[in-house]
Each structure stands twice: as structure tokens, then as C-alpha cells.
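I opened this notebook to record what I looked up in the structure, working from single residue pairs outward to the whole chain.

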Amino acid sequence: MRTTAVVLTILMAGIANAREPIQHPVSVALGPKAYRDGDVIQITNVISTSDRLEQGDTVTVTGRVRLDSADDAKLCFYLTQTKGDGLEETDATQEVNVKHGVSDFEVTTTIKHLGVLHLSLYRTTTGKPFGGVYFGTSDQMKSLSDASVRHYLQD
């Protein structure tokens, strides 16, 4: 009987430690952005495990996207690395399919590398980006003050 109680206690402690990290609202600054006519990504809420938005943090973004320039697109929550090899692992919670018109969205990622966060629209036919916005802490956005996002508008 005592062995069962010990095993049960260990099991319950493991379950308690396996909970999702606690996220809280954070303020973000917007950085470089570019959209085609009629398209826009609006961030309405950002929650994170810390307000630093750095490696190890889990971040969830909710908002609304208006897509006028295409019938459909993939809205992705990615990180542009500022140090590293540029390779980034992704999972299903970072991407949502959107249709022409207005859609609400929620995307989540855990930051695995040094870099800056962005929400971008990608063509479903070619995978090429055609609009997006960078966001993060004020200091992160200052580091992007000279960055260009013209590639969003090139075909």
C-alpha cells in the first residue's frame, strides 16, 4: 500500500511539472512592415512566458488578417535569426491558412534561436512571402530600424 502511495505521489508531481508554461500579456512594438493593396495583419494581443521575447519564451499572438490580394494564403509566425545558421524548426501551431476576406487568427511558437519575430503571409502556390510585419520589444525593433521588407512586394 505504501509503495502505491509513493508511486502515485511521483506520478502527480510529474503531471504538475508537465503543465504548459504560464503566459501573460506583453506590450510589443511594431517594426518594418509591407503589404499589398488591401492586405493587412493586425495584432490584437500578445502573451508570453516573459516580456523579453527571447530564446526559451513561448509566445502566442492573436489578431485579425485582411486578405484582398489573393484567394488564400498561409499566415506564419516565424523568427528571423540574428545569429545562427538561419534554419528554423516549425510546428503546426505557427501556421494558419486564411481565405480572401477577414479572418481571426491565433498562432504560437517557442523561440529557439536569437532573432526577431514576424507574422508573414505566404502564397499557397509558390511558398513565397507577399506581406508581413515584424514585432517585438522596443530594443529589438530599434535593431531593425534600417531593415528592408521590400522582398514582400516582389514577385
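Are aspartate 139 and lysine 142 buried or exposed? I found that both aspartate 139 and lysine 142 are exposed, and I note at the outset that the model I am reading is a predicted one.

**Entry 1, the pair in the helix.** I looked up what joins these two residues and found a salt bridge between aspartate 139 and lysine 142, with the closest N and O atoms 4.0 Å apart. Aspartate 139 and lysine 142 are about one helical turn from each other, because they stand three residues apart in helix α2, which covers residues 138–142.

**Entry 2, the other salt bridges.** I counted five salt bridges in total and followed up two others by residue. Aspartate 104 forms a salt bridge with arginine 64, and here the closest N and O atoms are 2.9 Å apart. This pair links distant parts of the chain, since aspartate 104 belongs to strand β5 and arginine 64 to strand β4, 40 residues apart. I then checked accessibility on each side: aspartate 104 counts as exposed because its relative accessibility is 57%, whereas arginine 64, at 41%, counts as partly exposed.

Aspartate 68 forms a salt bridge with arginine 66, with 3.7 Å between the closest N and O atoms. Aspartate 68 has a relative accessibility of 38% and so counts as partly exposed, and arginine 66 is partly exposed as well, with a relative accessible area of 37%.

**Entry 3, the nonpolar cores.** I turned next to the interior, where the largest nonpolar core has 24 residues, and those with the most contacts inside it are Ile41, Val59, Val61, Phe77, Phe105, Leu119 and Leu121. Two or more residues of this core come from each of β3 (40–48), β4 (58–81), β5 (95–110), β6 (115–122) and β7 (129–136). Strand β4 gives the largest share of this core, nine residues. Apart from this core lies another, of eight residues, including Ala34, Tyr134, Met141 and Tyr152.

I singled out phenylalanine 105 and listed its neighbours, leaving out residues up to four places away in sequence: phenylalanine 105 touches Ile41, Gln42, Val61, Thr62, Gly63, Arg64, Val65, Leu75, Val96 and Leu119. Arg64, the salt-bridge partner of aspartate 104, is thus also one of the residues that phenylalanine 105 touches.

**Entry 4, a buried threonine.** Which side chain does the side chain of threonine 58 meet in a polar contact? I found that the partner is the side chain of threonine 110, at 3.0 Å. Threonine 58 is found in strand β4, and it counts as buried because its relative accessibility, 12%, falls under the 20% limit. Not counting residues up to four places away in sequence, threonine 58 touches Pro21, Gln23, Ile47, Ser48, Thr49, Thr108, Thr109 and Thr110.

**Entry 5, the whole chain.** I closed with the overall values. The secondary structure comes to two helices and seven strands, which run from the N terminus in the order α-β-β-β-β-β-β-β-α. Of the 155 residues, 39% count as buried, and the accessible surface comes to about 9,300 Å², of which 52% belongs to carbon and sulfur atoms. Among contacts with a separation of 6 or more, I noted that 67% are between residues 24 or more positions apart.

Technical notes: Residues numbered from 1 in each chain as written. Predicted model: local features only at pLDDT ≥ 70, side-chain atom pairs only at ≥ 80, totals over all residues. Heavy atoms only, no water. Core = buried A, V, L, I, M, F, W, Y, C linked by side-chain atoms within 4.5 Å. Buried < 20%, exposed > 50% of the residue type's maximum accessible area, 1.4 Å probe, protein only. Helix = DSSP H or I, 4+ residues; strand = E, 2+ residues; numbered from the N terminus. Contact = heavy atoms within 4.5 Å. Salt bridge = Lys/Arg side-chain N within 4 Å of Asp/Glu carboxyl O. Areas by Shrake-Rupley, 256 points an atom, 1.4 Å probe, with all protein chains shown as cover. Polar contact = N/O pair within 3.5 Å; in protein donor to acceptor, adjacent residues only side chain to side chain.
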